Each structure stands twice: as structure tokens, then as C-alpha cells.
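Here are my notes for a colleague who is opening this model for the first time. Please keep the sequence and the structure in view while reading the points below.

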Amino acid sequence: MVKKIVLSAFDVAALVMLIVCAVYGWSIPGFILLALIAVQYAVQTFMFVSSVGAIGWLSPLFAAILGFGIAFPLFMVGMGLGAAECFMIVGAILAGFTLAYTYSDIIRRR
């Protein structure tokens with residue numbers, strides 16, 4: 001239980017820091033954090049799909065739609081951010097999804 005709480009705290013911190021890195025243009029720490037979140041998202045998605053079945057594949061589908069279909073063009077064209085900053089925003093979306101996985105696992109175990 002404590003491990004899940006620490007993991008969810010990391011997810012919140014990563015989400016906030018990825019947005020801060022995108023706003024201030026800190027590319028190196030942003031990409032390092034993005035890589036950590038991408039690995040964590042892949043592992044959490046695999047565990048989620050193995051526990052709930054095929055319906056769990058909707059999460060990566062929605063992450064792709066929200067990240068690359070909506071947020072990426074919106075921030076790139078609408079706000080004039082570069083591709084690096086847009087990838088960090090997509091990483092923040094993935095951090096939100098991993099936070100949802102972790103939080104749902106905490107709630108489910110209660």
C-alpha cells in the first residue's frame with residue numbers, strides 16, 4: 001500500500017514537472033522525465049491489460065487520441081510550442097494515465 005502511495009506521489013510530481021519543463025523549455029530534464037514516464041506507462045498498461053482483459057487496450061487508444069490527436073496539434077499550432085515541449089505535454093498526459101492506474105489499484109484494494 002505504501003509503495004502505491006509513493007508511486008502515485010511520483011506520478012503527480014512527474015505530471016507537474018513535465019508541464020513546468022514544457023513551459024520553461026527545459027528539454028534535458030524534460031526528456032529524462034518523459035523517458036521514465038513512458039517506461040512506467042508501458043509497465044502499468046501491461047499490468048492493467050493483464051488484470052482487466054481486452055477492454056484495457058482502450059487506455060492506450062485514448063492516450064494516443066488525447067496525446068497525439070488533440071493535445072499535440074493544439075499546443076503546437078494553437079500555442080506555438082515546439083515539438084519537444086509538445087512531447088513533454090503528451091508525457092504529462094501519460095503521467096495522468098499512470099496516476100489513474102495507481103489510484104484505481106489503491107481504491108480497489110480497500
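**Notes on the helices and the core**

1. H3 is followed by Gly80, whose phi is positive, near 75 degrees; helices here (H or I, at least four residues) are DSSP runs numbered from the N terminus, as are strands (E, at least two). This is a predicted model, in which local features need pLDDT of at least 70 and side-chain atom pairs count only at pLDDT 80 or more, while totals for chains, interfaces and linings use all residues. Residues are numbered from 1 along each chain as its sequence is written, and side-chain values use heavy atoms, with hydrogens and water left out.

2. Helix H3 itself, residues 58–78, bends by about 35 degrees at Ala71, with the proline Pro73 following within four residues; the bend is the angle between axes fitted to the seven residues ending at a residue and the seven starting there. Ala71 is also among the buried residues of H3, together with Ser59, Ala63, Gly67 and Phe72, where buried means under 20% relative accessible area, exposed over 50%, and partly exposed in between (1.4 Å probe, protein chains only).

3. Helix H1, residues 2–24, has 23 residues and spans 33 Å from its first C-alpha to its last, close to the expected 33 Å, a figure obtained as 1.5 Å times one less than the number of residues. Its buried residues include Lys4, Asp11 and Leu18, and just after H1 comes Gly25, with a positive phi of about 75 degrees.

4. Thr98 lies in helix H4, residues 83–109, and counts as buried because its relative accessibility is 0%. A polar atom of its side chain is 2.8 Å from the backbone oxygen of Ala95. Leaving aside neighbours within four places in sequence, Thr98 is in contact (heavy atoms within 4.5 Å) with Asp11, Gln40, Tyr41 and Gln44.

5. Thr45, in helix H2 (residues 27–52), is likewise buried, with a relative accessible area of 7%. Not counting residues up to four places away in sequence, Thr45 touches Pro60 and Tyr101.

6. The largest nonpolar core (buried Ala, Val, Leu, Ile, Met, Phe, Trp, Tyr and Cys residues joined through side-chain atoms within 4.5 Å) has 16 residues, of which Leu18, Ile37, Tyr41, Ala63, Met88 and Leu94 touch the most other members. H1, H2 and H4 each supply at least two residues of this core, and H4 gives the most, with 7. Leu94 touches Ile37, Tyr41 and Ala63, again not counting residues up to four places away in sequence.

How values were computed:
A polar contact is a pair of N or O atoms within 3.5 Å; within protein, one must be able to donate a hydrogen and the other to accept it, and residues adjacent in sequence count only if both atoms are side-chain atoms.
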